[in-house]
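Trainee: I have a new structure to read. Where should I start?
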Number of protein chains: 2
Amino acid sequence: MSASLGSPRLERLVKVLSRLPGIGSKSATRIALHLLQAHATDAETLAQAMVEMRTHVRACDRCGAITEEPECVICRDPRRNPSVLCIVEQPTDVFSLERAAIFRGRYHVLGGLLSPLDGVEPDDLRLHALRHRVEEEGVEEVVVALSASVEGEATSLYVARLLEGHSVRTSRLATGIPVGGHLEFVDDVTLERAFSGRLPLV
Amino acid sequence: MSASLGSPRLERLVKVLSRLPGIGSKSATRIALHLLQAHATDAETLAQAMVEMRTHVRACDRCGAITEEPECVICRDPRRNPSVLCIVEQPTDVFSLERAAIFRGRYHVLGGLLSPLDGVEPDDLRLHALRHRVEEEGVEEVVVALSASVEGEATSLYVARLLEGHSVRTSRLATGIPVGGHLEFVDDVTLERAFSGRLPLV
């Protein structure tokens with residue numbers, strides 16, 4: 001379909017749009033044609049919103065989360081408990097945890113996971129900053145909330161070793177069967193973890 | 001979720017993105033975060049592609065379809081039969097018919113449908129241009145391919161009356177049961193049309 005839109009620039013927009021996550025070529029065509037037929041300002045507003053976002057959004061100096069200020073709203077919030085630090089991989093993980101509203105401490109975004117095969121070494125992550133914060137901010141507990149992948153496990157272990165010798169408790173999220181999950185559809189490794197991590201019923 | 005992204009500009013982008021067709025707030029958030037974490041050039045490329053498209057894409061002087069030149073590729077194509085003209089509502093309808101590759105004549109885009117309640121009068125559509133083309137281009141047949149809605153029917157009738165007295169055949173698309181459609185799911189009006197328009201089996 002995109003070969004016959006009658007305009008190379010329209011086809012180019014479709015191509016660029018279809019690189020976005022969750023947008024196939026049909027949705028991309030639909031969006032491009034919408035922008036073409038919408039008021040001239042709509043496309044400009046969107047273009048401008050994208051450029052503005054890229055220009056102003058930055059990483060929090062303290063935790064690495066998304067902000068437009070030197071420090072993010074969470075780091076600036078005096079009601080957040082500075083003695084508990086939750087380690088996450090990406091700024092987006094902060095949103096997931098905030099959405100669930102289960103954590104009242106502060107975050108520390110690593111910016112990735114250790115992956116020697118992909119060339120991600122400890123110096124590429126915000127690990128120095130983590131140790132510095134643990135030493136300076138009176139942190140008592142570190143909750144490692146990384147993915148339950150091989151890289152996530154390796155990074156969790158690295159964090160635990162990094163903080164050995166500091167008077168800080170470390171913990172990590174439980175692995176197990178997701179709420180509402182049927183045993184039938186749970187993979188073997190998760191099942192084994194859920195089994196070995198079984199808890200008393202009463 | 002959008003209330004806690006930590007950046008007003010990111011939230012604004014999510015809001016603008018979620019106005020696009022087929023994009024809800026979850027997809028918009030996903031796209032915005034993708035643009036944030038992608039290479040800086042990605043968001044700029046997309047912004048630029050949108051503005052370029054809006055700047056260069058225009059309506060064909062002859063038929064009203066989408067083009068970047070004074071006339072569209074179809075009007076410029078000498079292999080297209082100029083004696084058959086297909087009337088459509090929007091430039092996007094041209095794509096639909098071209099995709100199906102069923103028509104080898106030329107198009108004429110009206111730019112809308114008559115709708116007195118919405119203030120769309122005959123002078124708002126490209127009807128003068130249509131009569132002019134029928135008179136000047138040696139058109140022998142006009143196929144009216146408008147929606148089977150009330151406005152579409154009214155506009156089709158108006159076109160038929162407009163061309164009365166010109167030596168030109170007019171026809172319109174058949175209404176009936178879509179290919180693969182089950183009787184069970186076909187609405188009553190369509191069913192009635194399909195019934196009254198029934199064709200000999202052999």
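Mentor: Start with a definition. A salt bridge is a side-chain nitrogen of Lys or Arg within 4 Å of a carboxyl oxygen of Asp or Glu. Keep in mind that this is a predicted model.

Trainee: How many salt bridges does the rule find across the interface of chain A and chain B?

Mentor: The rule finds 4 salt bridges across that interface. Glu52(A) forms a salt bridge with Arg9(B). Their closest N and O atoms are 3.1 Å apart. Polar contacts cross over too: 12 residue pairs, both at pLDDT 80 or more, are in polar contact between chain A and chain B.

Trainee: Which elements give two or more residues to the side of chain A that touches chain B?

Mentor: They are α1 (8–17), α2 (25–37), α3 (40–56), β2 (66–67) and α5 (91–100) of chain A. α3(A) gives the most, with 12 residues. By class, this side of chain A has 29 nonpolar, 12 polar and 8 charged residues.

Trainee: How many residues of each chain are in contact?

Mentor: For chain A, 49 residues are in contact with 49 residues of chain B. Next, look at area. The two chains bury about 4,800 Å² between them. Of that, 71% is on carbon and sulfur atoms.

Trainee: Which three residues supply the most of the area that chain A buries against chain B?

Mentor: Arg9(A), Met50(A) and Arg54(A). They supply 15% of that area, more than any other three residues.

Trainee: Now the rings. How many aromatic pairs are there over all chains?

Mentor: The count comes to 2. Check the angle between planes: over 60 degrees counts as edge-to-face. The rings of Phe103(A) and Tyr107(A) have their planes at 65 degrees, so this pair is edge-to-face. Their centres are 5.2 Å apart. Phe103(A) and Tyr107(A) are both buried. In chain B, Phe103(B) and Tyr107(B) also have planes at 65 degrees and centres 5.2 Å apart, so they too form an edge-to-face pair. Both of these residues are buried.

Trainee: Let me try one residue. Is Ser83(A) buried or exposed?

Mentor: Apply the cut-off: buried means under 20% relative accessible area. Ser83(A) has 14%, so Ser83(A) is buried. Ser83(A) sits in strand β3 (residues 81–88) of chain A.

Trainee: What does the side chain of Ser83(A) make a polar contact with?

Mentor: With the side chain of Asn81(A), at 2.7 Å. Then look further along the chain. Leaving aside neighbours within four places in sequence, Ser83(A) is in contact with Gly138(A), Val139(A), Glu140(A) and Glu141(A).

Conventions:
Residues are numbered from 1 along each chain as its sequence is written. Chains are lettered from A and ligands numbered from 1 in the order in which they are written. This is a predicted model: local features need pLDDT of at least 70, side-chain atom pairs count only at pLDDT 80 or more; totals for chains, interfaces and linings use all residues. Side-chain values use heavy atoms; hydrogens and water are left out. Contact means heavy atoms within 4.5 Å. Buried area is the accessible area (1.4 Å probe) that two parts lose on being put together, summed over both. A polar contact is a pair of N or O atoms within 3.5 Å; within protein, one must be able to donate a hydrogen and the other to accept it, and residues adjacent in sequence count only if both atoms are side-chain atoms. Helices (H or I, at least four residues) and strands (E, at least two) are DSSP runs, numbered from the N terminus. Ala, Val, Leu, Ile, Met, Phe, Trp, Tyr, Cys and Pro count as nonpolar, Asp, Glu, Lys and Arg as charged, and the others, Gly among them, as polar. Rings of Phe, Tyr and Trp (its six-membered ring) pair if their centres lie within 6.5 Å; planes under 30 degrees apart count as stacked, over 60 as edge-to-face and the rest as tilted. Buried means under 20% relative accessible area, exposed over 50%, partly exposed in between (1.4 Å probe, protein chains only).
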